[in-house]
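Open the model in your viewer and keep the sequence panel to hand. We will go from one selection to the next and look at what is there.

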Amino acid sequence: MTVITSEFEIASSLPASKFFNAYRDFNNIAPKVDPETYKTLVDIEGDGGAGTIRDISFGDGVPFTSGKLKLDVVDSNNFTIIYTIFEGDILMGQLDSMTHHVKFIPSPDGGCVYKPTVVYNCKGETQLPEEALNMVKEGFKKTFNAIEGFIHANPQTY
């Protein structure tokens with residue numbers, strides 16, 4: 001099995017705790033702020049913590065329609081969420097799974113650094129094209145920016 005890892009960072013003036021709380025509420029906030037990417041995210045098993053299984057319906061702005069994920073880690077002390085997408089056409093027929101490590105690192109200035117790392121577990125010796133990796137990265141950035149804008153406009157939330 002080929003394993004590909006991709007990561008990047010975005011600095012924000014907002015505190016890590018606000019982002020972490022917003023991402024814990026991802027199934028509610030993402031379709032609201034980024035409906036082109038997310039139609040619905042529904043917990044089909046669990047209470048939103050580690051072990052929760054979530055069904056994803058994607059919006060018209062992406063080239064896939066569905067996915068299913070399992071929340072592996074929800075760590076409020078370290079502002080970290082890890083989840084694995086294990087089913088759906090988001091896997092593009094080329095992946096066994098995708099594990100997303102989402103971390104919000106507090107900055108000395110009171111803001112944070114958003115650091116997502118994606119581990120692609122490819123089928124066999126499959127190599128993902130660079131444009132597929134960039135599409136996922138740009139999607140993460142777009143949703144992050146939409147959530148950041150929502151929090152700035154609604155500072156009482158999260």
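A cavity, in this tour, is a set of grid points where a 1.4 Å probe fits but cannot get out, and its volume is the space filled by probe spheres set on those points. Please keep in mind that this is a predicted model.

**Stop 1: the cavity.** Searching the whole structure turns up 1 cavity of 30 Å³ or more, and the largest cavity has a volume of about 50 Å³. To see its walls, select Ser6, Glu7, Phe8, Pro116, Thr117, Val118, Tyr120, Val136, Lys137 and Phe140. Which elements should you colour here? S1, strand S8 (112–122) and H3 each contribute at least two lining residues, with the largest share, 4 residues, coming from S8. By class, this lining holds 6 nonpolar, 2 polar and 2 charged residues.

**Stop 2: the pocket.** Keep Phe140 selected, then add Phe26, Tyr38, Phe58 and Tyr83: these five lie nearest the centre of the largest pocket, which is lined by 30 residues. Colour helix H1 (16–24), strands S3 (38–45), S4 (53–58), S5 (66–75), S6 (80–87) and S7 (95–106), and helix H3 (130–153), since each gives two or more residues to that lining. H3 gives the most, with 6 residues. The pocket has a volume of about 520 Å³, and its lining is made up of 20 nonpolar, 5 polar and 5 charged residues.

**Stop 3: the nonpolar core.** Now select Phe19, Tyr23, Phe104, Tyr114 and Tyr120, which touch the most other members of the largest nonpolar core, a set of 43 residues. H3 provides the largest share of this core, 7 residues. Zoom in on Tyr23: beyond its neighbours within four places in sequence, Tyr23 is in contact with Ile81, Val102, Phe104, Tyr114, Thr143, Phe144 and Ile147.

**Stop 4: Asn27.** Move to helix H2 (residues 26–33), where you will find Asn27. Is Asn27 buried or exposed? Its relative accessibility is 16%, so Asn27 counts as buried, the cut-off being under 20%. Leaving out residues up to four places away in sequence, Asn27 touches Leu41, Asp43 and Arg54.

**Stop 5: Thr2.** Finish in the segment before strand S1 (3–7), which holds Thr2. Thr2 is buried because its relative accessible area is 10%. Show its surroundings by selecting Tyr120, Asn121, Cys122, Gly124, Glu125, Thr126 and Gln127, which Thr2 touches when residues up to four places away in sequence are not counted.

Conventions
Residues are numbered from 1 along each chain as its sequence is written. This is a predicted model: local features need pLDDT of at least 70, side-chain atom pairs count only at pLDDT 80 or more; totals for chains, interfaces and linings use all residues. Side-chain values use heavy atoms; hydrogens and water are left out. On a 1 Å grid over the protein atoms alone, a cavity is a set of points where a 1.4 Å probe fits but cannot get out, and a pocket is an open set with protein on both sides within 12 Å along at least five of seven lines; lining residues have an atom within 4 Å of a point. Ala, Val, Leu, Ile, Met, Phe, Trp, Tyr, Cys and Pro count as nonpolar, Asp, Glu, Lys and Arg as charged, and the others, Gly among them, as polar. A nonpolar core is a set of buried Ala, Val, Leu, Ile, Met, Phe, Trp, Tyr and Cys residues joined through side-chain atoms within 4.5 Å. Buried means under 20% relative accessible area, exposed over 50%, partly exposed in between (1.4 Å probe, protein chains only). Contact means heavy atoms within 4.5 Å.
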